[in-house]
Amino acid sequence: EIRTVSVRNSSPGEAWEPGHQPWRVQPEISGGGLFVDLGSHALDWLDHLLGPVEEVHGIATNVTSTSSAEDHVVATFRWASGAVGTGTWAYDDAERTDEIALHGTRGSVRFPCFGEAPIRVRVGGVDREIEAAYPEHVQQPLIQLIVDELTGLGGPAPSTGRTALRTGEVIDAVLAGYRAQSRA
């Protein structure tokens, strides 16, 4: 049984010229910054695995001033399954990190959300790595499941409007204080 979760996504900062920031860090276009764009994928997957988030607390800030979007986010979560966890998203970090770690009653598993690093499993003090090739078209399997459900060839697809809404609500809760402060 999964008891704790940690998500860590970081990358070195970018230096954008004023007025030339990518859409991902223009809240008026994207709804937020890199956390909204990238963090949503890990949170959506964890919703699928652990059920809805039942409690969330977050702090977000902008330390780089290269855009008006949040660039550092820390959050804590409690899922319907009873698992608790933390997430850290830092987009002005010294190094690139991409890892989700699940710790359970018999061991742990660590894997990237976006990268090609091997899946690392630890059970009973024994470590092993599982190579998992990054798909050429990473979204294609999920898109196919949704198409199959809509056309009556399969289903139900694991990602729905309800799950997307739940993930959006978690992101909104994490960023609520930052957005209120930004408007002040």
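This briefing covers the pockets, cavities, one helix and the strand pairings of a predicted model. Residues are numbered from 1 along each chain as its sequence is written, and side-chain values use heavy atoms, with hydrogens and water left out. Because the model is predicted, local features need pLDDT of at least 70 and side-chain atom pairs count only at pLDDT 80 or more, while totals for chains, interfaces and linings use all residues. The largest pocket has a volume of about 1,300 Å³, and α2 (34-50) gives the most to its lining.

**Terms for empty space**

- Rolling a probe the size of a water molecule over the atoms shows where empty space is left.
- On a 1 Å grid over the protein atoms alone, a cavity is a set of points where a 1.4 Å probe fits but cannot get out, whereas a pocket is an open set with protein on both sides within 12 Å along at least five of seven lines.
- Lining residues have an atom within 4 Å of a point; points are joined across faces, edges and corners, and a volume is the space filled by probe spheres set on them.
- In the class counts, Ala, Val, Leu, Ile, Met, Phe, Trp, Tyr, Cys and Pro are nonpolar, Asp, Glu, Lys and Arg are charged, and the others, Gly among them, are polar.
- Helices (H or I, at least four residues) and strands (E, at least two) are DSSP runs, numbered from the N terminus.

**Pockets**

- The lining of the largest pocket consists of 34 residues, and H41, W45, C113, V138 and L142 lie nearest the centre.
- At least two lining residues come from each of α2, α3 (140-150) and α4 (161-183), with α2 supplying seven.
- This lining is made up of 22 nonpolar, nine polar and three charged residues.
- The second largest pocket has a volume of about 320 Å³.
- It is lined by 17 residues, of which S11, L34, L38, Y91 and R96 are the closest to its centre.
- Two or more residues of that lining come from each of β1 (2-10), α2 and β5 (97-104).
- By class, the second largest pocket has eight nonpolar, five polar and four charged lining residues.

**Cavities**

- Two cavities of 30 Å³ or more are counted.
- The largest cavity holds about 90 Å³ of space, and of its 13 lining residues W16, L34, T66, D71 and Y91 lie nearest the centre.
- Six nonpolar, four polar and three charged residues make up the lining of the largest cavity.
- The second largest cavity, of about 50 Å³, has a lining that includes L38, G39, A42, W89 and C113.
- β1, α2 and β5 each give at least two residues to the lining of this second cavity, which divides into seven nonpolar, two polar and three charged residues.

**Helix α2**

- The end C-alpha atoms of α2 are 24 Å apart, which agrees with the 24 Å expected for its 17 residues at 1.5 Å a residue, where the expected span is 1.5 Å times one less than the number of residues.
- α2 has a kink of about 35 degrees centred on S40; the bend at a residue is the angle between axes fitted to the seven residues ending there and the seven starting there.
- In α2, 12 of the 17 residues are buried, where buried means under 20% relative accessible area, exposed over 50% and partly exposed in between (1.4 Å probe, protein chains only).
- L34, L38, S40 and L50 are among the buried residues of α2.
- G51, just after α2, takes a positive phi of about 90 degrees.

**Strands**

- Two strands pair if DSSP finds at least two bridges between them.
- β1 pairs with β4 (residues 84-90) in the parallel sense over seven bridges, and S10 has A90 as its bridge partner in β4.
- β3 (residues 72-79) runs antiparallel to β4 and is joined to it by seven bridges, with A75 partnered by G87.
- Four residues lie between β3 and β4 in their hairpin, and G82 in the turn has a positive phi of about 100 degrees.
- W89 lies in β4 and counts as buried because its relative accessibility is 1%.
- β7 (residues 119-123) and β8 (residues 126-130) are antiparallel over five bridges, and I119 stands opposite I130.
- The β7-β8 hairpin has two residues between its strands, with a positive phi of about 60 degrees at G124 in the turn.
- β8 is hardly covered, with zero buried residues among its five.
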